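Q: Please look closely at one helical part of this predicted model, and begin with a brief word on disulfides. I would like a single connected account that also takes in the surroundings and the aromatic side chains.

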Amino acid sequence: MHFLFDVEPTAHTQSCPCCHSTLYVIHRGVAYTRKVRNLPAFGRMVSLMLPAIRMTCTSCDVSFVWSYACVAPGKRYTKTFEDSLPSYVMGAKVTHAAKQTQTPVTTTDRVFKKWMEKESPRLQAECMQEAIQCEGLVLGIDDFAMRKGHTYNTGLHDLRGNTLLDVIPGRTVSELREYYKKYPRLFVLEPVAVVMDLARYYHTFITEVYPHVIRIADCFHVNRYVMKVLQ
């Protein structure tokens with residue numbers, strides 16, 4: 001079932017976008033009706049039927065269409081509906097979220113990426129501030145593949161806070177040094193220990209950046225090497 005609601009503006013007229021006055025604005029009728037997706041109700045899809053009211057300002061000699069605060073011009077979804085989409089993607093795949101909300105994958109992906117561009121700096125700043133204020137901070141550093149066997153990046157984690165603090169392009173000593181030369185903000189951290197695998201480049205880099213911390217070999221890698229020798 002799909003709920004459709006006919007919507008009418010509460011005001012009689014709207015200001016001209018040029019002179020910002022309503023004195024010379026006249027109605028030219030409804031050109032068509034926009035079907036705009038809104039937040040669901042009672043587990044069902046909800047759409048608003050918005051009349052595209054044509055208007056003309058005789059003073060400025062311009063024509064325009066009624067602008068609704070709930071939806072941007074030319075959009076098929078209300079602002080509140082788009083704001084709700086990222087919550088479906090968190091902890092799931094974009095394809096799953098698109099199926100759950102019955103929206104195109106491209107739309108869900110676009111809205112989520114736009115939300116991430118705005119939200120990521122704020123979340124990263126919060127995580128960094130928590131790490132700075134943390135007593136007994138334990139960092140974790142490890143690489144992950146962008147393209148297996150070809151391209152790798154390095155993730156820096158606050159293990160006790162369960163947060164990702166930063167992503168460093170590359171994993172070699174020269175790439176790590178170059179990154180911290182450009183962005184020295186992580187030098188303000190005062191960890192008591194850093195957990196990493198047995199890669200020499202990480203131990204070399206951490207010794208240079210945090211010379212007084214305890215370096216802890218990741219138990220997963222130690223166990224893997226021990227089992228390899230035993231076998």
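**Cysteines, a kinked helix and aromatic rings**

A: When the whole structure is searched, zero disulfides are found. Cys18, for instance, takes part in no disulfide, and the nearest cysteine sulfur, which belongs to Cys16, lies 4.5 Å away, whereas a disulfide would need the two sulfur atoms within 2.5 Å. Cys18 is partly exposed, its relative accessible area being 49%, and Cys70 is likewise partly exposed, at 32%. Cys127, by contrast, is among the buried residues of helix α3, and that helix is the part to examine closely.

Helix α3 runs over residues 105-133, and at 1.5 Å a residue its 29 residues should span 42 Å; the C-alpha atoms at its two ends are 40 Å apart, so the expected and modelled spans agree. The helix nevertheless has a kink of about 40° at Glu119, which comes shortly before the proline Pro121. Glu119 itself is also buried, as are Thr107, Thr108, Val111, Phe112, Cys127, Met128 and Ala131. As background to such a list, an α-helix has 3.6 residues a turn, so residues three or four places apart point the same way. The cover over the buried residues of α3 includes two helices, α1 (79-89) and α2 (94-101), together with the strands β6 (151-158) and β7 (163-169).

Turning to α1, one of these covering elements, the buried residues are Phe81, Glu82, Ser84, Leu85, Pro86 and Val89. They pack against α2 and α3, and also against the strand β2 (25-41). After α1 comes Gly91, whose phi is positive, near 80°.

Tyr152, whose number falls within the β6 range of 151-158, has the charged end of Arg171 sitting over its ring, 3.8 Å from the ring centre.

As for rings that meet other rings, the structure holds six aromatic pairs. In one of them, Tyr201 and Tyr202 are arranged edge-to-face, with 4.8 Å from centre to centre and 70° between the planes; the edge-to-face label applies because planes over 60 degrees apart are classed that way. The two partners are not alike in accessibility, since Tyr201 is partly exposed at 24%, while Tyr202, at 0%, counts as buried. Elsewhere, ring pairs join Tyr179, Tyr180, Tyr183 and Phe205 into a cluster.

Key. Residues numbered from 1 in each chain as written. Heavy atoms only, no water. Helix = DSSP H or I, 4+ residues; strand = E, 2+ residues; numbered from the N terminus. Expected span 1.5 Å × (residues − 1). Bend = angle between axes of the 7 residues up to and from the residue. Buried < 20%, exposed > 50% of the residue type's maximum accessible area, 1.4 Å probe, protein only. Contact = heavy atoms within 4.5 Å. Phe/Tyr/Trp six-rings, centres within 6.5 Å; stacked < 30°, edge-to-face > 60°. Lys NZ or Arg CZ within 6 Å of the ring centre and 35° of its normal.
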